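Here are my notes on this one, jotted down while going through it. Have a look at the structure first, then read on.

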Amino acid sequence: MTETAIIHPSKETGSAVDIVRVRKDFGSAVGVADVSLTIGKGEFVTLLGPSGCGKSTLLGMIAGFVTPTAGKIVVDGTDITDLEPYRRDIGMVFQSYALFPHMNVHDNIAFGLKMRRLPAAEVEKEVARAIAMMKLEGFEARRVRQLSGGQQQRVALARAIVIRPKVLLLDEPLSALDKNLRAQMQVELSELHRKTGLTTIFVTHDQGEALSLSDRIVVMNKGAVQQVAAPIELYRQPANGFVASFIGEINALPPGRCELKDGTASLVLPGVGPLVFPAVPASGFAPGRQVRAFLRPEHVRPVSAGAAGPNVVTGKVEAHIYQGSHTITRVVVEGIGLVETRVTGADIVASAPVGAPLALAFDLSEAVLLDAAA
Amino acid sequence: MRSQKIGSIAFWSLVVALLTYMTLPTIVVLMTSVNPTEILAFPPQGVSFDWYVKAVTYPDFQIAFKNGLIVTACASTLALIVGSAFAWLIHHYEFRGRGLLEGVLWSPLIIPHFTLGFGFLLLGGAFGVQQGYVMIVLAHMVLVMPFVTRAVHVSLANIDPALARAAANLGASPFQVLTRVTLPLVVPGMAGGWLIAAVLSLTEFTASLYVTGSRTQTLPVAMYNYIREYADPTVSAISALLIIATTLIMLVADRTIGLRRVLAIDTH
């Protein structure tokens, strides 16, 4: 999946951003490795990955702060690879917001318009519009130091959208906020995107933010794109082990062999036996193939001891992780290793104490099968 | 509880004793300035402001004060220009010998003023430069340079590097980034550095003693020459005036440009 991905079908046609085999080396280290990506007009795309995966470097290259070693970046059909940052017409919200401390809210928002030499009356009209859109009425004369984190965030957004940029870049803008505010700002970001229709590239290491906000997610690791997909597809059909374990919780079963006998598909795990699929899996399955199955904790269900069935295994409870609405229970199963199960409530903490045996039923209907060698 | 109370009393007694020790010499001088008789006596035998009148009307002091203002204005301004340039260089670029450059810029802090003044005098002799404005200004400029450089460097270091990027992102050319963002944020630091330099230059004595001539002497040198001949409270009065003036300048500066913040004394 490192090659050009398709344009999101539900949006306007025509691409807003084309990233063509872009590469960035830092000395002998690779920052970004030959990334190609096409982003449609009005699309909300998230670059997701752990720190050091190259997502911020890629964003920096789109903004013009980092010069690519190779490749080109095209925005609205114009090659901007060698264009200075201040000629790019790309809006950006920085992680630290980077509001000008010597200016008030109004002047911060007006800055980009003044740089564009807009007539004063025009500047006032546009600033007023942005202030109304970000619900900042009454704060025009405030110094940015006097604002709360959420208000600063809104000023940073207003300052970036008021210039009507071709693309809006968001560099981990929610990471400085506390949890409640973060949830609220996620909703506001979604709303803003819907209202403005701006092509948006969002950088985060938080998979929750990525899943809830994006049209498409670009998962990156070690400078390379691992998968480009819509959130639901990414969760259900991760392309490889990295994506599977980075997005949500997942159990990786040991490698096994696919078998098809009398129309029944199964996965034979050495030392455990066959696990039966309810139906022949649509992807990843081929008789005789060595695969690894990945299974979400919600598809592993505790069952009463002695319950018989083809997909029931028994292990020993190692720990309970109580999360309020649900509990994650970690079970060590011989031949498989650590398996996590996710159940509603906290009853399991009492019914299956640490050290006690626990029978688990695997629901393989949602299992992800990946090549064992990959 | 009891031992805690004794400890607390001992602690505060020590604090008060130290503060008294620090300010006592100044207080003694200030008190002698109001002595009505013609001797430097402590404690004073009455209260009179006659010596203040004499201090401000004494021609040598008037000339010396004017000299001092000229020297201070020139030396601090030159130090500001050169020091800001060096601060910019040190802040923005990694280069070989950066550590050495910083060391040289800091050296006036550890080299005795006596040595610097004497050195300038010898150097002037070698190049045929007489004691006078040029030599004083050059000597003072060197003495105050570390403080100006430091103040500007601190202000530059306190600017979030993302601000320049944000400005560029919004369409500001590198020159506009400098004039609209960087300079406005460094100006308070430059003003603070200039003020500290001015106060130091105005009150500098040791180096000035060597590089000033009889007609170009600055106020501290004039005060020294006065007290060698007369032992009346006039010098105490002029000391008091100098202290009051510099205190007022500092207070006004703190109010207007946030002196404590730009000198990184107050980090809030």
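1. Let's start with a single pair of residues: A:Val22 has A:Val35 of β2(A) as its bridge partner. Keep in mind that this is a predicted model, where local features need pLDDT of at least 70, side-chain atom pairs count only at pLDDT 80 or more, and totals for chains, interfaces and linings use all residues. On bookkeeping, residues are numbered from 1 along each chain as its sequence is written, while chains are lettered from A and ligands numbered from 1 in the order in which they are written.

2. Zooming out, β1 (residues 15–26) of chain A and β2(A) pair in the antiparallel sense over 8 bridges. Helices (H or I, at least four residues) and strands (E, at least two) are DSSP runs numbered from the N terminus, and two strands pair if DSSP finds at least two bridges between them. Both strands belong to an open, antiparallel sheet of 4 strands in chain A, ordered β2-β1-β4-β5. At the edges sit β2 (29–40) and β5 (78–79) of chain A, each pairing on one side only.

3. Next, the chain A–chain B contact: 17 residues come from chain A and 15 residues from chain B (residues are in contact if their C-beta atoms, placed from the backbone, lie within 7 Å). On the chain A side, β6 (90–93) and α2 (105–115) each supply at least two residues, and α2(A) has the largest share, with 3 residues. That side splits into 12 nonpolar, 3 polar and 2 charged. Here Ala, Val, Leu, Ile, Met, Phe, Trp, Tyr, Cys and Pro count as nonpolar, Asp, Glu, Lys and Arg as charged, and the others, Gly among them, as polar.

4. Over in chain B, the axes of α8 (residues 174–203) and α11 (residues 234–257) come within 11 Å and cross at roughly 175 degrees. Axes are lines fitted to C-alpha atoms, for helices over the stretch in contact, with angles running from 0 to 180 degrees between N-to-C directions. The two helices are therefore roughly antiparallel (over 145 degrees). Their contact has 8 nonpolar, 3 polar and no charged residues; among them are B:Leu195 of α8(B) and B:Ile249 of α11(B).

5. Finally, A:Ile336, in the loop between β18 (326–333) and β19 (337–344) of chain A. A:Ile336 is buried, with 21 other C-beta atoms within 10 Å (the cut-off is 20 or more). Beyond four places in sequence, its contacts are A:Leu253, A:Pro254, A:Leu269, A:Val272 and A:Val313.

Note on methods
Contact = placed C-beta atoms within 7 Å. Parallel < 35°, antiparallel > 145°, perpendicular 65-115°, else oblique. Buried ≥ 20, exposed ≤ 12 C-beta atoms within 10 Å, placed from the backbone.
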